[in-house]
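Please read the following points with the model open beside you, and look up each residue as it is named. The note is meant for someone who is new to reading structures.

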Amino acid sequence: MIVYPLWHVGHQNEAGDDGSTVHVDESGVFCDEADGDDVKLLGIYSTLERVEERVRQARLLPGFRDEPECFHFDAYELDEDHWAEGFVRVPPGEQADGQSPGGMPFRGHASPRASA
């Protein structure tokens, strides 16, 4: 069974070249929680239509309407493992081998209808 977690990022980062806030970049919705971005899970849905309806509803609400392009969802197979390799903690100001400094944008897609 495929499910669709729907997230919204409230941005406070200063990841732009001039210290400005980055909302969306070439990879999609940008997120850097270490730099102040606030990620909210709005729900987990069974169809894209339910995701799109929830985005339409949320865009009318305080906070969400201020950043209407900052919704993200992707398809996940239920009962499938993620983060199977584990992770490491990197102290602020340092970077892990092979990693670029700054925030990690969400990977995946945002539907044109959900992000329009």
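1. In this predicted model, L6 is a good place to start: leaving aside its neighbours within four places in sequence, L6 is in contact with K40, L41, L42, G43, Y45, V51, R54, V55, F71, H72 and F73.

2. L6 also belongs to the largest nonpolar core, which has 10 residues in all and is made up of Y4, L6, L42, Y45, V51, V55, A58, F64, F71 and F73. Four elements, namely β1 (2-10), β4 (38-45), α1 and β5 (71-73), each supply at least two residues of this core, and α1 gives the most to it, with three residues.

3. Which residues of α1 are buried? They are V51, E52, R54, V55 and A58, and because they cover an arc of only 160° around the axis, these residues lie on the same side of α1. The face of α1 that is turned away from this buried side carries E49 and R50, which are exposed.

4. R54 deserves a separate look, and it is found in helix α1, which covers residues 48-58. Although R54 is buried, it has no salt bridge, and the nearest side chain of opposite charge, that of E53, is 8.3 Å away. A salt bridge would need a side-chain nitrogen of Lys or Arg within 4 Å of a carboxyl oxygen of Asp or Glu. Leaving aside its neighbours within four places in sequence, R54 is in contact with L6, L42, Y45 and L61; of these contacts, L6, L42 and Y45 are also members of the core described above.

5. Beyond the helix, D66 is found in the loop between α1 and β5. Is this residue buried or exposed? With a relative accessibility of 60%, D66 counts as exposed, because the cut-off for that label is over 50%. D66 and G10 are 56 residues apart in sequence, and their C-alpha atoms are 8.8 Å apart in space.

6. The last point concerns aromatic rings, for which a search of the whole structure finds two pairs. In the pair formed by W83 and F87, the ring centres are 6.5 Å apart and the planes stand at 85°, so the pair is edge-to-face, given that planes over 60 degrees apart receive that label. Both partners can be checked for accessibility as well: W83 is exposed, and so is F87.

Key: Residues numbered from 1 in each chain as written. Predicted model: local features only at pLDDT ≥ 70, side-chain atom pairs only at ≥ 80, totals over all residues. Heavy atoms only, no water. Buried < 20%, exposed > 50% of the residue type's maximum accessible area, 1.4 Å probe, protein only. Lys, Arg positive; Asp, Glu negative; His and termini not counted. Contact = heavy atoms within 4.5 Å. Core = buried A, V, L, I, M, F, W, Y, C linked by side-chain atoms within 4.5 Å. Phe/Tyr/Trp six-rings, centres within 6.5 Å; stacked < 30°, edge-to-face > 60°. Arc of directions from axis to C-beta.
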